[in-house]
Amino acid sequence: MRTQMVFGVLAVVTALAAPANAAEAIPDPSMQREFGAKLLVCNTCHGDNGVPKGPSIPIIWGQQENYLLKQLRDFEHGDRNAEVMTWMSKTLTLAELAPSATNIAKKTWPTRTANAATPAPRGVAVCQSCHEAKFMGAVQAEGVTTPRLAGQTYEYLVEAMRRFADGERTNNADMVRVWKGISPADRDAMARYLSTL
């Protein structure tokens, strides 16, 4: 009888311990205070309501999850350079990178007042081939995800386009090729249009 009780208690303890170990494998910012605090730091620049604190800072709330994960990894490995983001990505453990992207992607893209419809500028169709007809981003072949461009900040978009065109940002070879062939005036018009969507 005593042996059965000991084995019964061990079975219950083992069953209770198994989910905890499984949960530890995938960090959860809502359950782990230190991890949650790391993600709160994102709000310093990207905004606690999804609206960035400055115009050149991108909207990340509700952005494509795989795109966010790739950018975090690129910052962490040095394939993309922005001092604050490089530092921030290095504060996350490897196990926290994917849950961070998931957490941010699940948030709602900030609502904005509707803008008057403007005609699409010359050349913007080149963006639709990967970012989809409404520029909402999509998962492409081989798991490559393109980010949402619709409603992104003008300042961020035009600077990202320039950095790709000038070879300062090289973490996407296709974007480097595309933007090298588009004039600054056309890039400006495209960034303005996309930011109003």
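Trainee: At what angle do helix 3 and helix 5 pack?

Mentor: We are looking at a predicted model, where local features need pLDDT of at least 70, side-chain atom pairs count only at pLDDT 80 or more, and totals for chains, interfaces and linings use all residues. Residues are numbered from 1 along each chain as its sequence is written, and side-chain values use heavy atoms, without hydrogens and water. Helices are DSSP runs (H or I, at least four residues), numbered from the N terminus; axes are lines fitted to C-alpha atoms, for helices over the stretch in contact, and angles run from 0 to 180 degrees between N-to-C directions. For helix 3 (residues 65–77) and helix 5 (residues 94–105), the axes lie 8 Å apart and the angle is about 140 degrees.

Trainee: Which word describes helix 3 relative to helix 5?

Mentor: Angles under 35 degrees count as roughly parallel, over 145 as roughly antiparallel, 65 to 115 as roughly perpendicular and the rest as oblique. With an angle of about 140 degrees, helix 3 is therefore, relative to helix 5, oblique.

Trainee: How many nonpolar residues are in the contact of helix 3 with helix 5?

Mentor: Contact means heavy atoms within 4.5 Å, and here L68, L69 and L72 are among the helix 3 residues that meet helix 5 residues including L97, A101 and I104. Ala, Val, Leu, Ile, Met, Phe, Trp, Tyr, Cys and Pro count as nonpolar, Asp, Glu, Lys and Arg as charged, and the others, Gly among them, as polar. Beside two polar and three charged residues, the nonpolar ones number nine.

Trainee: How are helix 3 and helix 4 oriented to each other?

Mentor: Their axes come within 8 Å, and the crossing with helix 4 (residues 83–91) is at roughly 100 degrees. L72, F75 and E76 in helix 3 meet M85, T86, S89 and K90 in helix 4. Given that angle, the two helices are therefore roughly perpendicular.

Trainee: Which helix gives the largest share of the largest nonpolar core?

Mentor: A nonpolar core is a set of buried Ala, Val, Leu, Ile, Met, Phe, Trp, Tyr and Cys residues joined through side-chain atoms within 4.5 Å, where buried means under 20% relative accessible area (1.4 Å probe, protein chains only). This core has 17 residues, and W179 is one of those touching the most other members. Helix 7 (154–165), helix 8 (173–180) and helix 9 (184–196) each supply at least two residues. The largest share, five residues, comes from helix 7.

Technical notes:
Buried < 20%, exposed > 50% of the residue type's maximum accessible area, 1.4 Å probe, protein only.
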